[in-house]
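Hi,

Here is the structure I said I would pass on. Have a look at it first, and my notes on what turned up follow underneath.

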Amino acid sequence: MSSMTKKYAILVALFLLSISSIHAQDVGIKEDEKLLVWIADAQRPGQQKAQEPGQLVWIDSEGNFDPFMDVPLQTSHVMTCGQTSSLSPDGESLAFYVGTDMGTLHILRGTDSLFVVDSDFHAMGCTGNGTFEFFPDSSKFAYIDYDPDSLGGSYGDGTLRIYNNVTFEQIRNFDSVTNFDIEGNNVAYARFFANDRNEAIETAIVLWDGETDHEVATLFAETDCVYNSANVKLLPNGNIVA
């Protein structure tokens, strides 16, 4: 395991700790690793003062604190993005979120290179279940940029955005996406179409091959039924399960 990967093996355990109760031995930091934590005057997330949200800091095995960034005022959430998919396969990049219901999506490289991907980002995009994912070769990442207005209805959807993980340039985007999956350089996603009552009655299953997108199936809800979620899985042989 490379030193970078070993650092991130612990780094993805980003969490809030009380300023008065942190000791290096409490979290088992090894000599060649650092731990990134959210430090604030609170016992758990949500209890910190809105005007004193704290900092993100690195802690080494000796218990030394190295401030990394100030947490913005009013922040209620600091979390890794996409659950297990928050770390790129090569161990070089970590995706995390800072904000309230709306906030900022960051990509961290190493221990000091921080990039802002999206500063008007809904926290729902970091909850997992097909909302954020790195490509297997770590060259790109994709996420759903949720429309906040859709989250109060019968289903949530948004714009699927695909970014280069080196230049952070947006490569493609697709509207009205509710779920997606990545296999190799391909992306399969589900797109909802609504009636005049904003109920999803049609679902398109689409495959993007890195160049063009192809609709591979169209599903229609039965009479008096609507869609409220989707789950697509792109298999190594190119088949799509939905």
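β5 and β6 run antiparallel, with four bridges joining them. One facing pair to look for is Thr-80 with Phe-96, the latter in β6. Before you go further, bear in mind that this is a predicted model, so everything below is computed from it.

The β5 and β6 pairing belongs to an open sheet of four strands, ordered β5-β6-β7-β8 and paired antiparallel. β5 and β8 are the edge strands, each with a partner on one side only. From one strand to the next, the twist averages 20°.

There is also a hairpin, made of β3 and β4 with five residues between them. Its turn includes Gly-63, which has a positive phi of about 85°. Strand β3 covers residues 55–59, and five bridges join it to β4, again running antiparallel. If you want a landmark there, Trp-58 stands opposite Asp-66 in β4.

Moving along the chain, Thr-75 is worth a click. This residue sits in the loop between β4 (65–70) and β5 (77–80). Is Thr-75 buried or exposed? With a relative accessible area of 5%, Thr-75 is buried, because anything under 20% counts that way. Its side chain reaches the backbone oxygen of Pro-72 at 2.7 Å. Leaving aside residues up to four places away in sequence, Thr-75 touches Trp-38, Gln-48, Pro-53, Val-98, Gly-99 and Thr-100.

Now the cysteines. How many disulfides does the structure hold? The answer is one, formed by Cys-81 and Cys-126, with the sulfur atoms 2.0 Å apart. For the geometry, the link of Cys-81 and Cys-126 is left-handed, at -100° about the S-S bond. The pair ties together distant parts of the chain, 45 residues apart: Cys-81 lies in the loop between β5 and β6 (93–99), and Cys-126 in the loop between β8 (113–122) and β9 (132–134). Both ends fall under the 20% cut-off for buried, so Cys-81 is buried at 0% relative accessible area and Cys-126 is buried at 3%. Cys-225 has a relative accessible area of 40%, so this residue counts as partly exposed, between the 20% and 50% limits.

Last, the aromatics. The count comes to 14 aromatic pairs. A pair of rings is described by how far apart the centres are and by the angle of the planes. For Phe-121 and Tyr-143 those values are 5.3 Å centre to centre and 80° between the planes, which makes the pair edge-to-face. This pair, too, links distant parts of the chain, 22 residues apart: Phe-121 is in strand β8, while Tyr-143 is in strand β10 (residues 140–146). Phe-121 and Tyr-143 are both buried. They also belong to one aromatic cluster, together with Tyr-97, Phe-115, Phe-132, Phe-134, Phe-141, Tyr-163 and Phe-168.

If you open just a few spots, I'd go for the loop with Thr-75, the link of Cys-81 and Cys-126, and the ring pair of Phe-121 and Tyr-143.

Cheers

Technical notes. Residues are numbered from 1 along each chain as its sequence is written. This is a predicted model: local features need pLDDT of at least 70, side-chain atom pairs count only at pLDDT 80 or more; totals for chains, interfaces and linings use all residues. Side-chain values use heavy atoms; hydrogens and water are left out. Helices (H or I, at least four residues) and strands (E, at least two) are DSSP runs, numbered from the N terminus. Buried means under 20% relative accessible area, exposed over 50%, partly exposed in between (1.4 Å probe, protein chains only). A polar contact is a pair of N or O atoms within 3.5 Å; within protein, one must be able to donate a hydrogen and the other to accept it, and residues adjacent in sequence count only if both atoms are side-chain atoms. Contact means heavy atoms within 4.5 Å. A disulfide is a pair of cysteine sulfur atoms within 2.5 Å. Two strands pair if DSSP finds at least two bridges between them. Axes are lines fitted to C-alpha atoms, for helices over the stretch in contact, and angles run from 0 to 180 degrees between N-to-C directions. Rings of Phe, Tyr and Trp (its six-membered ring) pair if their centres lie within 6.5 Å; planes under 30 degrees apart count as stacked, over 60 as edge-to-face and the rest as tilted.
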